[in-house]
Amino acid sequence: MYKKIKKKISASYMVQNYKKILPFVRPYWVRAILAMVITIPVGSMDAVIALLLKPYMDVVLVEKSVSATAYIPVLIIVFSLLQSALNYASTYMNTWVGRKIANDVKIKLFNRLMNFEASFFDEKNSGEVQFRFNADVDTACNGLISNVKLFVTRVVSSVALIAVLFYNSWQLALIALAVMICALYPLTTIRRRIKDIMDKTVFSGAKVVMHFNEAYSGNRVITSYNLKEHLNQKFKETLQSVFTLGIKMVQRTGIMSPLMHFIISIGIALVIWYGSYLIASGAITPGSFVSFIAALLMLYTPLKAMGNNFNSVVNSLMAIERVFELMEAEPKIDNKPEAVKLSGEIKTIEYKNVSFGYNSEKMALKNINLKINSGETVALVGNSGGGKTTIGSLLPRFYDVTSGAITINGVDIKDIDLHSLRDHIAVVFQDNFLFSGTIRENIVLDRADASDEELRFVIKSACLEEFVAELKDGLDSQIGERGVLLSGGQKQRIAIARAFLKNAPIVILDEATSALDNRSEAIVQQAINNLMQNRTVIVIAHRLSTVRNADKIVVVKHGKIVEEGPHEELIEKEDGFYKSLYHSSQLKA
Ligand SMILES: Nc1ncnc2c1ncn2[C@@H]1O[C@H](COP(=O)(O)OP(=O)(O)OP(=O)(O)O)[C@@H](O)[C@H]1O
Ligand SMILES: [Mg+2]
């Protein structure tokens, strides 16, 4: 799944990933650098305190002189105060920068998400999308910033404390340093240890979100089929797998801190043993030794924390890796650089020997040839799963043909600017998505400039007039999430009204297969007839009346066009597929 799987956390791996996020840091670079710079004195102040212990010990405890070191307690207070203030400032600044960057990354990713082709959404589940496009960005950016801050503070603090060690005794410092390197080494193997677990954790995390989505969207099916127990069980299983992964993670990383603790204790023991010998022989003063031990003990805290911190850094690096994998994925359906805008009247639409498969295993369409002239209505009929909807989806390029070509006015649609192509086509789907909000918002969409007059015309043409008039809030009535407060026929008419307002010259109309009651049926039919007037129409028909009105009927069976012609002609055909559809009343009257 991931391209570059490295075994170790190398410096180049870190740089590589941080480099990717750099363009996002750039707009805020002054604050970002300031935030980092502030952490330098914060990190080094522990060392100052350790350093002050030497004169304190040597002058006060050994020489019993008080006046010479009176400044020390004052200095400690002043430094601590400064440290606290800077700490606050850096936390504030880091959060600010981190959130800004996270927002920018999310905006760019959201835009990416909407540019992905239909097949991307066919393959990914909604939980995965939510997880990777949202949660991962938080882990990546917040983790990045706050951990880098902590990391910098701790590194600076460690370096300063190490300087104090060397200042007091280079021999002891060398021992301490050697032990420290041994203690830190295991950290470099963390990524290899947790890589596969992290990948699985992300997958399971996405699955948890998916369960919630399904409990929400599928609540009626769940209730009517009594699926509560069944889904509870599935949810438990997913949570169990998250739990198991969490435990595995601890098994693999939990050993790190104790191991470091043990190695460092050995170091401290060695230093005390050798230090006593150095004091006794007069090589160092007792003050140096105390200052050294203080620095060493202080060093223990940032080092140990760096162990835990490093885990988080690795986590956020891996999240960055996943985020940028999405960021760098090229949409499969995109504008060619030399794409032309579609302009003028639509004269012909032609499917030339078009074959298409959703996947490589099975072709959904085979050698489709179809010509539609300006103003014509072509009705597609056939068996369920035959490929009618698929034929319609290829024209606005929800998917690209596998072979052959579709042309408009003789130009391959792959050479037409995507935005202008889709501007010329209004699609009414079999199952239309409605946004939560009002009826008005769902019809107007982004056409905020639509006039009241235009809107009135659209409402009338889509046969919504009577329905809207009965509502207390009229056009401004809420329709609920996905339009749950509306009936099937009302939802369809809102979708038709949208298409009316778009006023595109080409209409693709996928009639709903779900049965409506007779009255709704008649109203929806009227709205559809209105929409088809004076436009070039591909209608995927399930109603006899729609078919009868068409200029040409195209019969699709198992991905192929098997018959073509007007109703009267097809109905006469011996052993004709259309004839059998007609007589078996698969076309609703
Ligand atoms: N997104 C998809 N991914 C993979 N296969 C798909 C997808 N959509 C449809 N198919 C398959 O492609 C074939 C054609 O489906 P299509 O939706 O075009 O049929 P249809 O003629 O519109 O049927 P209906 O009358 O039931 O709406 C079917 O076998 C279907 O299973
Ligand atoms: Mg269909």
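**View 1. A379 and its bridge partner in β8.** In β8, A379 of the predicted model has V539 as its bridge partner. Strand β8 covers residues 536-540 and pairs with β3 in the parallel sense. The pairing runs over 4 bridges. A379 also stands opposite I553, a residue of β9. Strand β9 spans residues 552-557 and is joined to β3 over 5 bridges, again in the parallel sense.

**View 2. Strand β3, residues 377-382, is mostly covered.** Of its 6 residues, 6 are buried. T377, A379 and V381 point one way from the strand. V378, L380 and G382 point the other way. Both sets are buried.

**View 3. Contacts of L380 beyond its sequence neighbours.** Neighbours within four places in sequence are left aside here. L380 is then in contact with K388 and I391. Its other contacts are I538, I540, A541, V554 and V556. I538 and I540 fall within β8, residues 536-540. V554 and V556 fall within β9, residues 552-557.

**View 4. The largest nonpolar core has 68 residues.** A379, L380, I496 and A497 have the most contacts inside this core. Helix α17, residues 488-502, gives the most to the core, with 7 residues. Another core lies apart from it and has 55 residues. Among the residues of that other core are V164, L187, A295 and V314. In soluble globular proteins, nonpolar side chains tend to be buried together.

**View 5. The shell around ligand 1.** D122, Y358, A364 and G382 belong to the residues around ligand 1. So do S384, G385, G386, G387, K388, T389, T390 and Q430. Helix α12, residues 388-394, supplies the largest share of the shell, with 3 residues. By class, the shell has 8 polar, 2 nonpolar and 2 charged residues. G382 of this shell is also one of the buried residues of β3. K388, another shell residue, is in contact with L380.

**View 6. An open sheet of 4 strands with antiparallel pairing.** The strand order is β2-β1-β4-β5. The edge strands are β2 (365-373) and β5 (411-412). Each edge strand pairs on one side only. Strand β1, residues 348-356, runs antiparallel to strand β4, residues 403-408. The two are joined by 5 bridges. I349 stands opposite I408, which is in β4.

**View 7. N409, with a positive phi of about 50 degrees.** N409 is not a glycine. N409 lies in the loop between β4 and β5. N409 counts as partly exposed because 15 other C-beta atoms lie within 10 Å.

**View 8. N503, with a positive phi of about 50 degrees.** N503 is not a glycine either. N503 lies in the loop between α17 and β7 (506-510). N503 counts as exposed because 11 other C-beta atoms lie within 10 Å.

**View 9. Domain 1 and domain 2.** Domain 1 covers 12-328 and domain 2 covers 348-583. Their C-alpha centres lie 55 Å apart. The residues around ligand 1 include D122 and Q430. D122 falls within the bounds of domain 1, and Q430 within those of domain 2.

Technical notes: Residues are numbered from 1 along each chain as its sequence is written. Chains are lettered from A and ligands numbered from 1 in the order in which they are written. This is a predicted model: local features need pLDDT of at least 70, side-chain atom pairs count only at pLDDT 80 or more; totals for chains, interfaces and linings use all residues. A residue is near a molecule or strand if its C-beta atom, placed from the backbone, lies within 6 Å of it. Ala, Val, Leu, Ile, Met, Phe, Trp, Tyr, Cys and Pro count as nonpolar, Asp, Glu, Lys and Arg as charged, and the others, Gly among them, as polar. A nonpolar core is a set of buried Ala, Val, Leu, Ile, Met, Phe, Trp, Tyr and Cys residues joined through C-beta atoms within 7 Å. A residue is buried if 20 or more other C-beta atoms lie within 10 Å of its own, exposed if 12 or fewer, and partly exposed in between; C-beta atoms are placed from the backbone. Two residues are in contact if their C-beta atoms, placed from the backbone, lie within 7 Å. Two strands pair if DSSP finds at least two bridges between them. Domain bounds come from an automatic or database domain assignment.
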